[in-house]
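User: I'm new to reading protein models and would like a close look at one part of this one. Could you walk me through it in plain words?

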Amino acid sequence: MVGKTRSGPLVALALGLFWASGAVAAAALPPVAPATANHTRLTLLADSAAVQPRRAIRLGLLFDLDPHWHIYWINPGDSGEPPGVTWRLPTGFQAGDLEWPVPERLSNGPLTDYGYQNTVLLMSEVRVPAGISEPKVNFAADVHWLVCSDVCITAKTSVSLDLPVQRATSKRESRSAGLFRAAQQALPRSMPALWRVTAEDQGSTFEIRLRTGTSIRNASFFPLEFNEVENSKPQNAVASATGVDLTVYKSDQLLTPIRQLRGVMVIDGGRAYQLTAAVERSGARAD
Amino acid sequence: MKIHRMVLAVLVLVMLSVLLQAARVGEPAPEFTATDSNGQSHALSAYRGKFVVLEWHNRDCPYTHKHYASGNMERLQQKWTARGVVWFTVISSAPGKQGYVTADEENAYIREVHAAPTAVLLDPEGKLGRLYGAKTTPHMFVIDPDGKLVYDGAIDDKPTTDVSDIAAAHNYVDAALTAAIAGQPVEVSVTRPYGCSVKYARE
């Protein structure tokens, strides 16, 4: 079972580089002070040092958490709540949905949640309009989140970032561009077109059959919907010649058949993919 | 002799699987006996013929706090206990964990906030919580007069800690009790419970 996310160390590494390089470049750029609230330092970052008309940028909310505290994935699991953001962007700018790196499984007695510890960058792609009249633009985000260790606390704050507007054609990376690249590596990718995935309804379990063309030994599934898969029960991966069969327990709260099972599958090497598996009824099995 | 043993083993397995079966809407609610904050013992089976609500509680959890600070939970308790519904608030926080209280502390709290459950069941070992698969505070269950589970999930459809969300929220428990008492099917019988995790004792 691949329980640990790969995003943590990567982001931490990139964050280290970010701070290291940041020290060098600090004189050239205005410092971005994190907003501190309830065991979290939150900073709004951009992958670009400037805004150019019609060139999309990525904004990112960097959550830097106290040791042993965590926030939640888009599906928080058995308890908790994912962070929420309301963007305040200049006219004509448009933010996409938050992009969620692969979470960690966080066990708590009989419960299992999905979330992030240490640091995580939640990114959003922002469309930039053709006409910008101002010499600089301000991006702001009202963020609320639940942060938990043994106890849970809600937090909310606003963060903002100014970027100059440039007409030049070359894209200037910001000093946190490395952090964005690492976070993008940790995002689940779309499943390659030639892969196949189905889920067989076996009564109390689903058998997710992923066929990629090569044998896969490790697999771990993170459901996107609630009340479909039992979060705290073990998952069992069996390698096949051309992929992997992963058995996951159904949720006790799943009362009606579902047509598809959506989630993120992490396989050998920590690679993560978004899956939508059509659910097929079990054959003429007696059980 | 051998066959006997096999039959016995199968029987034990079947019994175990029944025992391990979590609460499931449409099926008999798991039977329990638990002690309340006044030292009284309550067996679920003693309440056949009545609707029973189970409300998982942790006073220091911000989600629970939202429904108590606003008076929402207390109003719901008053409304339904006045109509003969049995309302058990259940505390499964382990000693030393958030939300754990002694019986005296709980009784003082009930008076202070004017809560009106039938009784508060103290479950510091988490047995009742685990039996029902209680995940969050609050996590709500409704059991019908035949002892069948008819609702399992959230208190309402606004999974936030913001008191201002209560006014526009659709209360699933209120809706389930209203429908079931009128002999109607419960339209939304399973939802995702939201809130803090139940602070169980480590296994």
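How many of the residues in chain B, as a percentage, are buried? And please zoom in on Ser189(B).

Analyst: Sure! Keep in mind that this is a predicted model, where local features need pLDDT of at least 70, side-chain atom pairs count only at pLDDT 80 or more, and totals for chains, interfaces and linings use all residues. Residues are numbered from 1 along each chain as its sequence is written, chains are lettered from A and ligands numbered from 1 in the order they are written, and side-chain values use heavy atoms, leaving out hydrogens and water.

Now to your number: of the 203 residues in chain B, 52% are buried. Buried means under 20% relative accessible area, exposed over 50%, and partly exposed in between, using a 1.4 Å probe and protein chains only. Chain B has six helices and nine strands; these are DSSP runs, with helices being H or I of at least four residues and strands E of at least two, numbered from the N terminus.

Ser189(B) sits in the loop that links α6 (172-181) and β9 (196-197) of chain B. With a relative accessible area of 19%, Ser189(B) counts as buried. So what does Ser189(B) touch? Leaving aside residues up to four places away in sequence, Ser189(B) touches Val25(B), Val150(B), Tyr151(B) and Asp152(B), plus Leu255(A). A contact here means heavy atoms within 4.5 Å.

Back to chain B as a whole: take contacts between residues at least 6 apart in sequence, and 74% of them join residues at least 24 apart.
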